[in-house]
Amino acid sequence: MRRIPTSARGARFIGWGTALGHDTVTNHDLEQKMDTSDEWIRERTGIERRHIGGSNVELSTESGRRALEMAGVDPLSIDALVLATTTPDRGVPGTSASVQHSLGLKCGAFDVNAACSGFVYSLVTAHGLIAMGAERVLLIGTDVLSRITDWNDRNTAILFADGSGAAVLEATSDSGHLLGWDLDADGSLENLLYQDHGDFIKMDGKEVFRRAVRIMVDSATKSIAHAGVTSDDIALVVPHQANIRIISAACDRLNMPLEKAATVIHETGNTSSASIPLALFDAANKGRIKEGDLVLLVGFGAGMTAASAVIRWTAR
Ligand code: COA
């Protein structure tokens, strides 16, 4: 079983920030464009509205700047920028390079594409950089799914939206906040959810739903075991915000009441790499997480990727 080496240098969050797409689109707005209804979308997905618009660089810069301001650190003290995204502004270079420039950072920068699991993949990667000697890493999850969504397709247009969430991770003298993690993928399922160059997202919604619950629960169970805790010890679960029914089914199978879940899906829709940080930092801003609480992050996405982590909330 995977264990975090006790000798590994740890990290914790010292600041965070979020941003949403610049325009609001309600379910009623979608009713005007396609054969759907506010009632259907709310009942089947939990989504009431979503926010779209703005480039990846714009949204990443907004959330990243807020995270740096909250941390109160000099941008020049950041040793690496990790940007989780499936919707880069350009094929080349990575959007992280443009965001590095717009935030005034002088450090290495790279994109991570693990679909909707990207933020947790990047969180684990950032911990690896800190274990290797980095002092501070800026971690951003941003997606502009509106750009690759067919706004005439009611199968996908009701779900996807734009947003960004960022965090500054700083090295600690102790083992830090990460207690356990799991990263997974099953490329044999890539045709359930994909987007070819120049085309829109294609999705077998029913099959994704069925698989999503199972892989979230599997991944979460592994992280909880690696952390050496039980699901009863988890104070807050922060699931990928794809569908409230997926969140509810996963909580059920993890023996956690839905009240333990952080949810912003009614407001944000599915923002892929941004979804977990949007929900996590919304909960933190609302005072839902106390010092010492155990928080489970768990995502799934195209690929089909899954990623989870158990952290002990010790944010500054
Ligand atoms: N508005 C109104 N009716 C709709 C609709 C829409 N947007 N989409 C489908 N329907 C209709 C269907 O035609 C069907 O009608 P019928 O019973 O008369 O045949 C009925 O609603 C049920 O359709 P179904 O496809 O079975 O709905 P569902 O309960 O599976 O919900 C999703 C569809 C896409 C919301 C759901 O499958 C889902 O969320 N899947 C996971 C997708 C996901 O998370 N993707 C991202 C992963 S990172």
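Trainee: How do the residues of the shell around the ligand divide into nonpolar, polar and charged?

Mentor: The model is a predicted one. In it, 22 residues surround the ligand. Sorted by side-chain class, the residues of this shell come out as 11 nonpolar, 6 polar and 5 charged.

Trainee: Which residues are the closest to the ligand?

Mentor: A residue counts as near the ligand if one of its heavy atoms lies within 4 Å of it. Among the 22 residues that surround the ligand, the closest are Thr 36, Arg 44, Gly 205, Lys 206 and Asn 243.

Trainee: Which helix gives the most to the shell around the ligand?

Mentor: Three helices each supply at least two residues of the shell: helix 2 (38-45), helix 6 (205-227) and helix 7 (244-253). The one that gives the most, with 4 residues, is helix 6.

Trainee: Why does the ligand lie between domain 1 and domain 2?

Mentor: The shell around the ligand takes residues from domain 1 (11-171) and also from domain 2 (178-312). The ligand therefore lies between them, because residues for its shell come from both domains.

Trainee: What share of the accessible area of the ligand does the protein cover?

Mentor: Polar side-chain atoms approach oxygen atoms of the ligand at 2.9 Å from Arg 154 and at 3.0 Å from Arg 245. In the side chain of Trp 40, an N or O atom is 3.2 Å from a ligand oxygen. On its own the ligand has 960 Å² of accessible area, and the share that the protein covers is 72%.

Trainee: Where is the residue that follows the cis peptide bond from Val 92?

Mentor: The peptide bond from Val 92 to Pro 93 is cis, with omega near 0 degrees. Pro 93 is found in the loop between strand 4 (80-84) and helix 4 (95-102).

Trainee: What is the value of phi for Ala 115?

Mentor: Ala 115 belongs to the loop between strand 5 (108-112) and helix 5 (118-131). Its phi is positive, in a residue other than glycine, and the value is near 50 degrees.

Definitions and conventions
Residues numbered from 1 in each chain as written. Predicted model: local features only at pLDDT ≥ 70, side-chain atom pairs only at ≥ 80, totals over all residues. Heavy atoms only, no water. Polar contact = N/O pair within 3.5 Å; in protein donor to acceptor, adjacent residues only side chain to side chain. Areas by Shrake-Rupley, 256 points an atom, 1.4 Å probe, with all protein chains shown as cover. Nonpolar A, V, L, I, M, F, W, Y, C, P; charged D, E, K, R; others polar. Domains from an automatic or database assignment.
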